[in-house]
Amino acid sequence: MLTLYGETLASRLLLGTAQYPSPAIMAEAVRASACETVTVSLRRETTGNRTGGQFLELIRELGVRILPNTAGCHSVKEAVITAQMARELFGTDWIKLEVIGHHDTLQPDVFGLVEAARILSSEGFKVFPYTTDDLVVAERLLEAGCAVLMPWCAPIGSARGPVNVDGLRAIRAHFPDVPLIVDAGLGRPSHAAMVMELGFDAVLLNTAVAKASDPVAMAAAFAEVVEAGRNAFLAGPLEPRDMAVPSTPVIGKAVFE
Amino acid sequence: MHVLIRGAGVAGLTLAHELVRAGTQVTVCDIRSGPAGSASWLAGGMLAPWCERENAEEPVLTLGRLAADWWDAALPGHVTRNGTLVVAPARDAAELDRFAARTGGHEWLDGNAVALLEPDLAGRFRRGLFFRDEAHLEPRQAMTTLSAALKTAGVRFAYGNDTPAEADRIADCTGMAFADKELRGVRGEMLLLQTEEISLSRPVRLLHPRIPVYIVPREGHHFMVGATMIESDDDGPISARSTMELLNAAYSLHPAFAEAKIVETGAGVRPAYADNLPRVKQTREGISVNGLYRHGFLLSPAMAQEAAALILNERVEAFDEAHG
């Protein structure tokens, strides 16, 4: 079981709710994946008195845990205000914290991220920071009060899969006891399987499912590999070797001819 | 039989047309003083079922492919059948492959072929997709002309506080104003630009992973740039961010748009059901036609035909048939 900020979850797949062909297909994909947590983007212009009421109602009806996010926020102040609005709107302390450095590449502004994480943690938020695989930034985020880290494996929406496997191994090895969720950059189920085999605790996806030809089937496919990848990690996968190693005993054979 | 249609947007007007053609007495009422102000007034007017299929379910294609012929028959001369051109900035070239994989009815163009279709885009795009069978119309002209034609055909229009007469059946086509708990609003924002420095012969879609936009050429060197899709029923003025994104997209299609005049900005709320597909529903007073989402001009003809058939008790359920 996965424990995030004291909450226990059976599913290690978290899904985003944006970009689906329709809310109905989004809901079906969430059900097909059996995921228990969905992220909801709160664009500031949609909040306030006149919220995206019916859409949020549809998400609430899914009966899963909501992890609001601060997608699209470019400054600490903006992210903090959005988080506060989200807490009020959804009645949860959980917040996926995004502070975007580039409008274009959506690369996180890690300096602003640490600052916003510190402010929000001091206000009682349970912060899920979207960050890079930089170890020092990760340390700063933990110092700032985060108890979960969400490193990317490639830029948001790029569908590239893990572009820096060594970096992912390093962050996993460095923080063996911190729940690590790979957020952003996964394109295919095999990418998710790969990071789960590396020992990551969960994955968060959106585009890879929402923009698939059949989002519902793709959500189910991701759910399967996330579980398989986790089981493989627990089972202890073999490390690659440089030469062939026979699987049958060679005693009694003249192998050194 | 006398049918009162509430709502003079594209859903109401197309239904009026279908009913009048069948010899029914029709009154159209709207709390507005004219067609301006409805969601349809802000529409792009693209009759692009193949492109829309990229992010919509099958009925949008099966029902939408009838639209160009319907509008052509109803309003001869208003439909421009020049297809749709889809391009992507070099950096987002993968989006074009993805779009092609998700749609049909297109052909690949190289840079020269793009330039042959749209000379002003010469040298700007190495590849493009051409949807030859798609069409477009100017929504405001179409609504104005259709209203006038309906008046000539005997339809009474009751705008503003004008009280309509008693009717046998009521068809509600009021979009978000209709009390239906299943409806949600999807905010859309658009710009109208004017420049003589560039001309286009057809709607051009510029793909982007997050901010796909279309630019539809209109008379008088106008270009409609749209449209955002925001899960909200807020119909307040366009946001700075959306303006910036739409302008950025126009600028990346062609730098000449940087010098264009912004002659209008608009924001409205599209009525949508959870599957983003329209519905004809039976109500206590008659029927409702709603949930046309971003497909008002594309799907209202099919919905009008289904609604008219229901009212005239023929019960041809086009929508259910399309669902298989």
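**Figure 1. Strands E12 and E13 of chain B run antiparallel.** In this predicted model, five bridges join strand E12 (residues 213-218) of chain B to E13(B). Take Ile215(B) as a landmark: it stands opposite Val225(B) in E13(B). The two strands form a hairpin, with three residues between them. Look for Gly220(B) in the turn, where phi is positive at about 70°.

**Figure 2. Strand E13 of chain B also pairs with strand E10.** Here the partner is strand E10 (residues 184-194) of chain B, and the pairing is again antiparallel, as it is with E12(B). Five bridges link E10(B) and E13(B). To find your way, start at Leu193(B), which stands opposite Phe223(B) in E13(B). As a general point, side chains in a regular strand alternate between the two faces of the sheet. How many of the five residues of strand E13 (residues 222-226) of chain B are buried? Four of them are, so the strand is largely enclosed by the rest of the structure.

**Figure 3. A cis peptide bond sits between Gly226(B) and Ala227(B).** The omega angle of this bond is about -15°. Most peptide bonds are trans. Ala227(B) belongs to the loop between E13 and helix H8 (240-253) of chain B, while residue 226 is part of E13(B), which covers residues 222-226.

**Figure 4. Leu137(B) is tucked into a loop and buried.** The loop in question runs between strand E7 (135-136) and helix H7 (139-152) of chain B. Leu137(B) has a relative accessible area of 2%, and under 20% counts as buried, so this residue qualifies. What does Leu137(B) touch, leaving out residues up to four places away in sequence? The list is Gly44(B), Gly45(B), Leu47(B), Trp71(B), His78(B), Val79(B), Ala142(B) and Phe297(B). Phe297(B) is a nice one to pick out: it is 160 residues from Leu137(B) in sequence, yet the two are 8.8 Å apart in space, C-alpha to C-alpha.

**Figure 5. Helix H9 of chain B is largely enclosed by the rest of the structure.** This helix takes in residues 296-311, and Phe297(B), one of the residues touched by Leu137(B), falls in that range. Of the 16 residues of H9(B), 15 are buried, so the helix is largely enclosed. Just after H9(B) comes Asn313(B), with a positive phi of about 60°.

**Figure 6. His17(B) is a buried residue of helix H1 in chain B.** The helix covers residues 10-21. With a relative accessible area of 16%, His17(B) comes in under the 20% cut-off, so it counts as buried. Beyond residues up to four places away in sequence, His17(B) touches Trp70(B), Ala74(B), Leu146(B) and Leu150(B). Two of these partners, Leu146(B) and Leu150(B), have numbers within helix H7 (139-152).

**Figure 7. Gln19(A) and Asn276(B) each have a positive phi.** Most residues other than glycine have a negative phi. Gln19(A) is not a glycine, but its phi is about 75°. You'll find Gln19(A) in the loop between strand E3 (13-16) and helix H1 (23-33) of chain A. Asn276(B), with a phi of about 60°, lies in the loop between strand E14 (261-272) and strand E15 (279-282) of chain B. Are these two residues buried or partly exposed? Gln19(A) is partly exposed, with a relative accessible area of 29%, whereas Asn276(B) is buried at 5%.

**Figure 8. Chain B as a setting for the close-ups contains 10 helices and 16 strands.** Its radius of gyration is 20 Å, close to the 20 Å that the globule rule gives for 324 residues, so chain B is as compact as a globular protein of that length. The C-alpha trace of chain B spans about 60 × 40 × 35 Å along its principal axes. Buried residues account for 59% of the 324 in chain B. Among contacts in chain B between residues at least 6 apart in sequence, 76% join residues at least 24 apart.

**Figure 9. Chain A, home of Gln19(A), has nine helices and 10 strands.** Along its principal axes, the C-alpha trace of chain A spans about 80 × 40 × 35 Å. Of the 257 residues in chain A, 53% are buried. Chain A carries 21 positive and 29 negative side chains, and the centres of the two sets lie 2 Å apart.

Methods
Residues are numbered from 1 along each chain as its sequence is written. Chains are lettered from A and ligands numbered from 1 in the order in which they are written. Side-chain values use heavy atoms; hydrogens and water are left out. Helices (H or I, at least four residues) and strands (E, at least two) are DSSP runs, numbered from the N terminus. The radius of gyration is taken over C-alpha atoms; the globule rule is 2.2 Å times the number of residues to the power 0.38. Buried means under 20% relative accessible area, exposed over 50%, partly exposed in between (1.4 Å probe, protein chains only). Contact means heavy atoms within 4.5 Å. Two strands pair if DSSP finds at least two bridges between them. Lys and Arg count as positive and Asp and Glu as negative; His and the chain ends are not counted. The place of a charge is taken as NZ of Lys, CZ of Arg, CG of Asp or CD of Glu.
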